Amino acid sequence: MGLDLLLERWGEDRVLAGGALLIGMVFGFMAQRSRFCLRSAVIEFARNLLGGRLTVWLFAFATAVGGTQLLASLGWFDAGNARQIAARGSLSGAAVGGALFGIGMILARGCASRLLVLAAQGNLRSVVSGLIFAVTAQSALTGALSPLREWISAGWTIDGGGARDLIARTGIGHGGAMLFAAFWLLAAIVWARRQKVSFWGWAGAVGVGLSVVAGWWFTYAVSRLAFDAHPIQSLSFTGPSAEVLSRVLFVTDKPLSFDAGLMPGVFLGSFLSAALFGELRLEGFESGPGMRRYIVGAVLMGFGGMLAGGCAVGAGLSGAAVFTATAWVTLGAMWAAAALTDRLLDHHLGDTVQEPGGQSLPGKSVAATPTRS
């Protein structure tokens, strides 16, 4: 059954939410298997380690960028009407928000997507952090923190259209963007062989990247066939977290959307992966100071992600894949702030990139005293 027939039979809103549910399930399953995590990648890079996490992130990044640009070169996708390109953006919001998000993901020991994946396999620390993240994001969108977000965002703005489109501004074209992605994919392949990254490490990361590509293609395809206007978007976790929270807390007659289907899909996919591979286990906070750290980190990520207009996935993969200027500023600020925060707070604890729950790396790691969760 074609997409046009699905839209006619089930309606645009249900098809969008259903498609997001399926794409989210694939993302959740692959992210859980690969241990995809920007925080771990930054720590490995900053500490000059060879544990495989940076390689996993590069596989996802290169796949998302290359796949999206391949679709564009074939005429199957056009980012021109996507919010990240068409709407007016904020470089000050991207820089400040990205930095706050980077600090927060070090404190919370995981970015927004990783917290959702860990929550699905029974990590209660991530459940609490994820809820605080969503509440803060909603507050930054329409609540008490909204004036502060708007004030910072107004500091340095950039016009929509060609001004935000780095492909147009640099003149590299879709071919040049694909060559850029191919370079990093080749680097990831070389490093994966040297670091003996497991099958699920690299294959899961490729699946994460393809999920981003699928999100862009699906929403674009629906927008071309739908009677009503729908946003062209891909995976992100700040806005959808706020969206799902508002639907849970308030009686609403809002129609279903891509955001409404994405979060449940990621949770379900992560849960199925953890259940199939025997990794479901309940874990809680070990100490009061540890709990305070997670809470502060979640607040910084919620506000920073909404201020920047994207999280580690929304800006780092989805936004970067369409080469929007603000997404690259956000991604750079996340890396720099996260690396500095790790250096100041956690580097003395040891050289192992240890996650909540003590999961092992998808490749070799340097033997050292593990950091505490």
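Biologist: Why is the sulfur of C111 not in a bond with the closest cysteine sulfur?

Modeller: A disulfide is a covalent bond between the sulfur atoms of two cysteines. The cut-off is a pair of cysteine sulfur atoms within 2.5 Å. In this predicted model, the sulfur of C111 is 5.4 Å from that of C37, its closest, so it is too far for a bond.

Biologist: How many disulfides does the structure hold?

Modeller: Zero. C37 is in none; its nearest cysteine sulfur is that of C111.

Biologist: Are C37 and C111 buried or exposed?

Modeller: Buried means under 20% relative accessible area, exposed over 50%, partly exposed in between (1.4 Å probe, protein chains only). C37 is buried at 2%. C111 is buried at 1%.

Biologist: Where is L268 found?

Modeller: Helices are DSSP runs of H or I, at least four residues, numbered from the N terminus. L268 is in helix 14, residues 258-276. L268 is partly exposed, at 35% relative accessible area.

Biologist: What is the confidence of the chain?

Modeller: pLDDT is the predictor's confidence in each residue, from 0 to 100. The protein chain averages 91, and 92% of the residues score at least 70. Over residues 356-373 the pLDDT is below 50. Beyond near neighbours in sequence, that stretch has 68 contacts (heavy atoms within 4.5 Å) in the model.

Biologist: Which rules apply to the numbering and the values?

Modeller: Residues are numbered from 1 along each chain as its sequence is written, and side-chain values use heavy atoms, without hydrogens and water. Local features need pLDDT of at least 70, side-chain atom pairs count only at pLDDT 80 or more, and totals for chains, interfaces and linings use all residues.

How values were computed:
Helix = DSSP H or I, 4+ residues; strand = E, 2+ residues; numbered from the N terminus.
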